[in-house]
Amino acid sequence: GRDLICIQSMDGMLMLFEQESYAFGRFLPGFLLPGPLTYSSRTDSFITVSSCRQVESYKYQVLAFATDADERQETEQQKLSSGKRVAVDWVLNIGEQALDIRVVSFNQAVSSVFVLGERNFFCLKDNGQIRFMKKLDYSPSCFIPYCSVKEGTINTLVGNHSKMLNVYQDITLKWATQLPHIPVSVKVANLQDLKGVIVTLTDDGHLQCSYLGTDPSLFQAPRVDSREINYEEFEAEMKELQKIIKEATKTQDILPKSEKHRDIIVTAEVSPDLDAESQAIDSEVKAEAVPSVTVKITIQSRVTAQKPSLAVCVQAPLAVTCDQFVFDDLEPDSSETVVLSVFLKGNCSPSELEGNCMVSYNISTGIPKVAQCNFRLPLRLVCSPAQPSKAANHKITIDTNKPPISFLTIFPDFVDPSEDDQANVLGFQFLTGSKTTLLASKTSQRYRIQSDQLEDLWLITKELTLRLEEHFKRQNCKDFACTFSGSIPLQEYFELIDRHFELRLNAEKFQELLSERAVQFRAIERRLLTRFKDKTPAPLQHLDTLLEGTFREVIALADAAEENQANVFQAFTKLKSATHLMIMLISLWQKLSTDQVAVLEATFLPLAEDTPELGWEETVDAAISYLLRTCLSKSSKEQALTLSSQLCMPKDTSRLKKNITLFCDRLAKGGRLSLSTDSATQQATVMPGGCTTIPESDLEERTVIPGSTATVPSHGQIAKQKSKP
Amino acid sequence: GPSRSRCGGAAGGMGLEPEPLFQAWSYFRRRKFRQCADLCSQLLERPPSEQVVGAGAGGGGGGGLAAWSLKTRALTEMVYVDEIDMDQEGIAEIMLDENAIAQVARPGTSLKLPGTSQGGGPSPAVRPVTQSGRPITGFVRPSTQSGRPSTMEQAIRTPRTALTARPITSASGRYGRLGTASMITNPDGPFINLSRLNLAKYAQKPKLAKALFEYIFHHENDVKNALDLAALATEHAQFKDWWWKVQIGKCYYRLGLYREAEKQFKSSLKQQDMVDTILYLAKVYLRLDQPVTALNLFKQGLDRFPGEVSLICGIARIYEEMNNISSAAEYYKDVLKQDNTHVEAIACIGSNHFYSDQPELALRFYRRLLQMGVYNCQLFNNLGLCCFYAQQYDMTLSSFERALFLAENEEETADVWYNLGHVAVGIGDLNLAYQCFRLTLVNNNDYAEAYNNLAVLEMRKGHIEQARALLQTASSLAPHMYEPHFNFAILSEKVGDLQRSYTAAQKSAEAFPGHVDTQELIKQLKQHFAML
């Protein structure tokens with residue numbers, strides 16, 4: 001009839017009291033932090049889970065007689081606590097810390113020790129062997145084995161940190177219920193007539209008595225905010241929207257019509273003179289001095305513009321000193337100005353002397369908008385006056401319908417007024433080294449441009465026609481026109497194409513070699529890996545040498561590929577210049593309208609830059625073939641050819657050259673470039689009755705519920721599954 | 001013997017204020033790890049003489065060590081993710097797989113060739129497949145997204161969309177994201193400076209070593225140091241502690257040394273049967289592409305731990321990955337018998353019913369999930385589809401409305417619009433369908449299925465060129481789908497381009513060898529060619 005009390009302190013001492021008198025104290029061995037502690041009367045032992053993550057059972061007898069000298073405890077503390085004298089009865093390593101231990105013996109079930117670990121739930125036999133265990137997919141907080149309903153099984157309540165209380169029969173989940181709080185302790189109580197009340201305690205000291213109800217408190221999905229339905233309004237809105245959608249899909253281009261008054265206006269002003277002090281940085285041009293020109297860009301805002309940013313781009317090999325500007329939000333009627341310089345960076349002449357600046361911003365409603373403007377750079381940026389040279393490989397002659405103008409008038413920035421003879425002959429020296437000469441006929445209305453390289457003719461020819469047009473415009477002479485009568489220099493042009501194509505082939509070869517070497521490298525790596533992983537590594541047999549050799553080869557190949565890439569870029573710039581020249585000559589030759597010139601440009605200059613996947617040759621070939629088959633076709637027989645779908649790099653350029661020649665022939669014979677769909681020659685691609693059936697209704701669903709195995713939502717409530725006794 | 005009443009718990013008793021270490025310990029039990037760690041830090045900052053508990057206890061180092069250990073545990077628990085759930089293969093692991101025994105596995109023994117098993121799985125015509133050729137599952141797990149490309153080049157070029165198999169650059173990718181703790185910079189520097197730690201010293205103190213190991217492994221994500229510590233500790237325990245063997249195995253697994261990991265796990269199981277160890281070992285077998293061994297292991301595990309949910313679920317997952325859907329469903333049902341709140345099992349059974357033409361049954365399962373409190377876009381998406389196929393049209397649109405309302409990102413919105421487009425096709429409102437598919441692409445312009453369906457609609461309108469372009473986009477985005485190839489073949493055949501039709505049909509047959517229509521088309525084309 002006596003009460004014996006055992007108290008565990010934070011330092012690992014078990015103090016035993018008989019009623020109110022202190023019996024003895026004992027330090028547990030290997031103690032660090034207190035674990036759960038319980039007493040098993042069947043075996044007369046204390047069971048705890050130590051910091052070594054094992055369940056340990058100590059016989060009362062062993063504890064009591066561990067040492068015969070309690071009084072020596074003060075001095076021999078260290079010895080005692082090191083545990084030499086307290087022998088453990090049995091140990092089970094469960095590999096985790098435990099929250100609670102209970103010993104149960106109900107009538108129908110054998111006596112067991114229940115341990116609630118942080119991640120598993122164990123049931124042990126008296127001798128410390130696992131009877132069963134269950135992996136928990138939540139963080140438990142408390143538990144109690146409370147009775148045995150079915151013979152041989154034990155029912156347990158387990159509370160967790162998701163505010164759930166689960167009822168298990170051994171390891172089968174029998175019931176799950178939601179609590180309003182996280183329980184830190186749970187018991188089953190019999191209160192007078194009320195049997196089996198679940199008593200839970202929260203960490204803020206609230207005690208709750210509850211029972212397992214049969215009313216499922218189901219999860220109620222919150223209502224979606226929905227308006228009262230007004231069908232008339234809806235219908236009107238729907239009609240309006242349908243109309244907008246119809247409009248939007250009818251007009252081919254997605255951009256809205258240009259508004260009269262724009263929210264933001266960008267203007268770019270190119271200074272008439274080159275910079276006194278060149279701003280060029282890191283230029284690869286080998287000239288003595290690389291000039292630069294200042295561009296002043298002004299942004300004027302009429303509305304509030306949020307997060308405006310300005311991007312300035314010029315086509316390589318030209319470059320700008322700074323190409324990105326970010327501003328603070330612009331107030332209405334405010335403006336921002338930035339100044340930057342343009343210079344020649346790459347070591348080849350550019351194919352166009354134009355730049356573009358673009359402002360992107362959000363208006364106050366958050367809709368992103370763009371404003372842009374173009375600017376033209378002076379010719380002086382890439383070439384300077386030089387001595388004219390008489391002889392040249394390539395010559396072209398431009399006819400006009402007006403008497404020749406003195407170069408003193410139209411090229412004042414290149415002519416030294418003191419020298420008379422420059423009135424009808426002018427030399428241009430490009431920064432990259434090559435020379436071009438411009439001659440004006442004294443008697444006829446002709447200009448001749450000559451150079452050793454075909455591509456160098458372009459910029460000068462362009463500049464000449466532009467300046468002539470401007471000059472006559474100033475004089476209010478409207479019927480000025482240039483023409484070109486001579487044959488188109490296709491042969492020279494083809495040489496440039498071949499050069500470009502050859503470099504592309506090289507690039508492909510390099511890529512193949514690189515991938516070959518990379519495969520080899522990985523194969524060696526794999527072999528090395530297997531060797532190194534072996535416990536007793538086999539000799540390397542020069543695999544390391546092979547690895548290093550392959551590595552060097554890969555690097556060398558990559559370097560060569562990079563160099564080739566630079567060459568491809570140069571060749572492409574030259575090709576672009578020459579193509580521009582071709583377009584201009586063809587349009588002057590056939591006196592094409594602006595619409596037709598636009599088609600021509602789209603055909604010949606489809607890409608800003610070419611890539612290994614999609615290059616200039618195949619794109620242009622496809623475009624020309626299309627034109628030859630549609631508006632330039634001679635017979636309906638030609639139209640029947642199917643369009644090739646995939647663009648891939650051709651084996652050689654003969655087909656392209658043939659097509660270009662054919663194209664020029666057809667134009668000479670009066671072909672008209674047009675893309676309009678109502679053209680009678682447009683091929684009907686639809687076969688009669690060909691597409692009336694959907695071949696396969698391959699509509700499918702994605703039904704995917706993401707989440708991991710461990711997610712039982714915290715706000716979830718589980719419906720009942722079976723009534724509980 | 002005399003009756004003894006038990007009184008567990010701790011004696012604090014310094015006035016009203018609880019003793020600080022006891023307070024920290026209590027915080028830890030209530031999973032208030034931040035407070036626990038802060039309090040422990042305060043305790044550790046005190047000069048040793050003031051560390052009250054430590055002074056009297058002499059518990060092998062006292063309260064200082066106890067606070068230190070408690071803090072490591074608290075920090076670990078903050079970032080703890082069950083290692084069993086973590087699985088992601090990087091390109092390097094897939095391509096430099098030196099564990100493969102044979103290039104071509106025998107049918108039914110490998111996860112690499114899902115088509116080889118004939119377990120009565122549904123055909124791709126009924127149930128969509130992932131890039132690796134497996135049927136789409138009802139539950140997204142890390143491993144369901146892994147694909148096995150055959151060459152390095154293909155691995156690199158695999159479309160990088162979130163919804164298809166995506167290779168990540170290396171194993172560290174995902175681990176880095178999950179164990180983020182090591183990247184959160186602590187203003188005072190890391191709690192434990194691993195480089196200055198004398199691992200040998202700690203390995204000899206089992207009571208500290210285990211918590212320290214978990215800290216290094218989970219919190220610091222430093223597998224190498226963790227392995228060193230574990231190796232020293234297991235030696236100190238004279239190779240008698242199964243727990244250390246499991247930890248070494250975990251480290252080996254992360255380092256990609258699967259055979260070594262297998263040895264450790266097996267040795268650990270010899271000493272002590274544990275559910276976790278079985279799961280780890282099975283994970284190793286799966287990584288070694290030995291699903292049959294893993295299945296046997298799970299079944300042996302079930303003999304020892306009958307009714308263990310994680311083991312049954314593991315079996316179900318393997319069957320599902322091996323395309324043996326009927327067996328997978330059986331095991332998922334067994335899972336529900338043990339634990340009827342198992343979200344994964346409910347979702348998988350639901351989607352299985354859905355794809356086997358039983359939308360009403362699927363609806364019940366999804367409703368069950370809804371009752372349990374799963375409340376997200378995907379669930380309503382699925383509910384909407386089930387309602388539609390079960391002819392409960394009144395609920396269809398409101399379910400999709402909710403799904404749209406709950407969508408957390410553009411990919412989810414795209415899914416909902418795609419399914420709405422699907423419903424629109426079903427009720428014959430092609431205009432609405434067209435707009436829905438357009439909206440899908442607005443939200444996610446990698447959506448190959450939407451491109452394909454738009455193409456079908458364009459074909460109906462007679463816009464051959466648009467349809468062709470859309471189909472080409474679809475097939476380049478998702479080469480594993482047979483539909484775009486097949487549609488392209490049909491389209492080309494209709495306009496008389498037999499050569500291209502044949503090529504596309506071949507691709508379609510490659511993606512779905514059993515597709516009868518493709519085979520017939522190929523036969524037809526061959527006859528044509530023969531006639532020419």
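A nonpolar surface patch joins nonpolar side chains within 5 Å of each other, taken from residues with over 30% relative accessible area and no salt bridge. Keep that in mind for the opening exercise, and remember that you are working with a predicted model.

**Exercise 1. A patch on chain A**

Task: Find which residues make the nonpolar surface patch of about 340 Å², and place A:Ile229 in the chain.

Solution:
- Step 1. The patch is built from A:Ile229, A:Tyr231 and A:Phe234.
- Step 2. A:Ile229 sits in the loop that runs between strand S18 (207-210) and helix H3 (231-250) of chain A.
- Step 3. The relative accessibility of A:Ile229 is 49%, so this residue counts as partly exposed. A patch residue needs over 30%, and A:Ile229 has 49%.

**Exercise 2. A four-stranded sheet**

Task: Work out the order of the 4 strands in the open sheet that contains S12 of chain A, and identify the edge strands.

Solution:
- Step 1. The order is S12-S13-S14-S15 in chain A, and the pairing is antiparallel.
- Step 2. Strand S12 (140-147) and strand S15 (172-178) of chain A are the edges, since each pairs on one side only.
- Step 3. From one strand to the next, the twist averages 20°.
- Step 4. Now zoom in on one pair: S12(A) and strand S13 (residues 155-160) of chain A are joined by 6 bridges in the antiparallel sense. Within S13(A), A:Thr156 is the residue opposite A:Pro145.

**Exercise 3. A six-stranded sheet and its helix**

Task: Trace the open sheet of 6 strands in chain A and describe how helix H5 lies across strands of chain A.

Solution:
- Step 1. The strands follow the order S27-S29-S30-S31-S28-S32 in chain A, with antiparallel pairing.
- Step 2. Its edges are strand S27 (383-386) and strand S32 (482-483) of chain A.
- Step 3. At the S32 edge, strand S28 (residues 394-400) of chain A pairs with S32(A) over 2 bridges. A:Thr400 has A:Cys482 as its bridge partner there.
- Step 4. Helix H5 (residues 456-474) of chain A crosses S28, S29, S30, S31 and S32 of chain A, and runs at about 155° to S31(A).

**Exercise 4. Salt bridges**

Task: Compare where the partners lie in three salt bridges of chain B, namely B:Arg34 with B:Asp38, B:Lys266 with B:Glu262, and B:Arg304 with B:Asp273.

Solution:
- Step 1. B:Arg34 and B:Asp38 meet at 3.8 Å, N to O. Both belong to helix H2 (residues 33-45) of chain B and are 4 residues apart, about one turn of the helix. B:Arg34 is partly exposed at 48%, as is B:Asp38 at 39%.
- Step 2. For B:Lys266 and B:Glu262 the N to O distance is 3.3 Å. They too are 4 residues apart, in helix H12 (residues 258-271) of chain B. Here B:Lys266 is partly exposed at 41%, whereas B:Glu262 is buried at 10%.
- Step 3. The closest N and O atoms of B:Arg304 and B:Asp273 are 3.3 Å apart. B:Arg304 lies in helix H14 (residues 291-304) and B:Asp273 in the loop between H12 and helix H13 (275-287) of chain B, so this pair ties together parts 31 residues apart in sequence.
- Step 4. To widen the view, the structure holds 33 salt bridges over all chains. On chain A, a network of them links A:Glu354, A:Arg376, A:Asp413, A:Glu463 and A:Arg467.

**Exercise 5. Chain B as a whole**

Task: Summarize the secondary structure and burial of chain B.

Solution:
- Step 1. Chain B has 27 helices and 2 strands.
- Step 2. Of its 532 residues, 58% are buried.
- Step 3. Chain B exposes about 22800 Å², with 52% supplied by carbon and sulfur atoms.

Conventions:
Residues numbered from 1 in each chain as written. Chains lettered and ligands numbered in written order. Predicted model: local features only at pLDDT ≥ 70, side-chain atom pairs only at ≥ 80, totals over all residues. Heavy atoms only, no water. Pairing = 2+ DSSP bridges. Axes fitted to C-alpha atoms, helices over the stretch in contact; angles between N-to-C directions. Patch = residues over 30% accessible without salt bridge, like charges linked within 9 Å, V, L, I, M, F, W, Y side chains within 5 Å. Areas by Shrake-Rupley, 256 points an atom, 1.4 Å probe, with all protein chains shown as cover. Salt bridge = Lys/Arg side-chain N within 4 Å of Asp/Glu carboxyl O. Buried < 20%, exposed > 50% of the residue type's maximum accessible area, 1.4 Å probe, protein only. Contact = heavy atoms within 4.5 Å.
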